[in-house]
Amino acid sequence: LAKRFQSSEQPFFADTYAWILYLKGDHAKAAEILDRVVRAAPEEAIFQYHLGAALFELNDRGKAKIHLAKAETLAQEKGKFEGYDAAMALLAKLQ
């Protein structure tokens with residue numbers, strides 16, 4: 001059902017599809033889509049978290065840390081998002 005969101009111009013829809021890919025273990029494809037999502041909506045903390053998590057799984061620790069830190073900053077400004085604790089646990093592993 002969510003596969004139709006793969007090339008959606010709406011970042012929230014594309015993020016949904018990418019996160020499903022992430023949860024199924026397709027971290028590379030998820031990161032590819034999430035990179036586009038973050039470029040479209042860089043001020044959404046959950047998008048930063050999702051991309052950071054995918055990059056973490058791909059062992060791209062430097063970029064993962066950048067996106068997870070951005071998620072933390074945005075959460076401090078706008079409030080916590082679903083998955084905040086998981087994002088901060090990943091970020092702590094990179095410190």
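**Why the labels fit: questions about a helical model**

Author: Going by the distance rule, the count comes to three salt bridges. The model is a predicted one, in which local features need pLDDT of at least 70 and side-chain atom pairs count only at pLDDT 80 or more, while totals for chains, interfaces and linings use all residues. Residues are numbered from 1 along each chain as its sequence is written, and side-chain values use heavy atoms, with hydrogens and water left out.

Reader: What makes glutamate 32 and lysine 29 a salt bridge?

Author: The rule asks for a side-chain nitrogen of Lys or Arg within 4 Å of a carboxyl oxygen of Asp or Glu. In glutamate 32 and lysine 29, the closest N and O atoms are 3.4 Å apart, so the pair meets the rule. As background, side chains of opposite charge can pair when their charged atoms come close.

Reader: Where do glutamate 32 and lysine 29 lie?

Author: Both are in helix α2, three residues apart, about one turn of the helix. (Helices are DSSP runs of H or I with at least four residues, strands are runs of E with at least two, and both are numbered from the N terminus.) An α-helix has 3.6 residues a turn, so residues three or four places apart point the same way.

Reader: Why is glutamate 32 called exposed?

Author: Buried means under 20% relative accessible area, exposed means over 50%, and partly exposed is in between, using a 1.4 Å probe and protein chains only. Glutamate 32 comes to 51%, so it counts as exposed. Lysine 29, at 24%, counts as partly exposed.

Reader: How do you know that arginine 39 and aspartate 35 form a salt bridge?

Author: The N to O distance is 3.1 Å, which is within the 4 Å limit, so the name fits. Arginine 39 and aspartate 35 also share helix α2, and they are four residues apart, about one turn. Arginine 39 is exposed at 58%, whereas aspartate 35 is partly exposed at 33%.

Reader: What makes lysine 70 and glutamate 43 a salt bridge?

Author: The side chains of lysine 70 and glutamate 43 meet at 3.7 Å, N to O, so this pair also passes the 4 Å test. It links distant parts of the chain: lysine 70 is in helix α4 and glutamate 43 is in the loop between α2 and α3, 27 residues apart. Both are partly exposed, lysine 70 at 30% and glutamate 43 at 38%.

Reader: Why is the pair of tyrosine 49 and phenylalanine 81 called tilted?

Author: Rings of Phe, Tyr and Trp (its six-membered ring) pair if their centres lie within 6.5 Å; planes under 30 degrees apart are stacked, over 60 edge-to-face, and the rest tilted. Here the centres are 5.8 Å apart and the planes are at 35 degrees, so the pair is tilted. Tyrosine 49 is in helix α3 and phenylalanine 81 in the loop between α4 and α5, 32 residues apart. The whole structure has five aromatic pairs, and Trp19, Tyr22, Tyr49, Phe81 and Tyr84 form one aromatic cluster.

Reader: How do you know that arginine 61 lies over the face of phenylalanine 56?

Author: A charge sits over a ring if NZ of Lys or CZ of Arg is within 6 Å of the ring centre and within 35 degrees of the ring normal. Arginine 61 lies over the face of phenylalanine 56, at 4.0 Å from the ring centre.

Reader: What is in the largest nonpolar core?

Author: Such a core is a set of buried Ala, Val, Leu, Ile, Met, Phe, Trp, Tyr and Cys residues joined through side-chain atoms within 4.5 Å. The largest has 33 residues, and Ile33, Tyr49, Leu68 and Phe81 have the most contacts inside it. The elements giving two or more residues are α1 (11-23), α2 (27-40), α3 (45-57), α4 (61-78) and α5 (84-94). Helix α3 gives the most, with eight.

Reader: Why is isoleucine 33 called buried?

Author: Isoleucine 33 has 3% relative accessibility, so it counts as buried. It lies in helix α2. Isoleucine 33 and alanine 14 are 19 residues apart in sequence and 7.0 Å apart in space, C-alpha to C-alpha.

Reader: Why is histidine 67 called buried?

Author: Its relative accessible area is 16%, which is under 20%, so the label fits. Histidine 67 is found in helix α4. Leaving aside neighbours within four places in sequence, it is in contact (heavy atoms within 4.5 Å) with residues including Val38, Tyr49 and Leu55.
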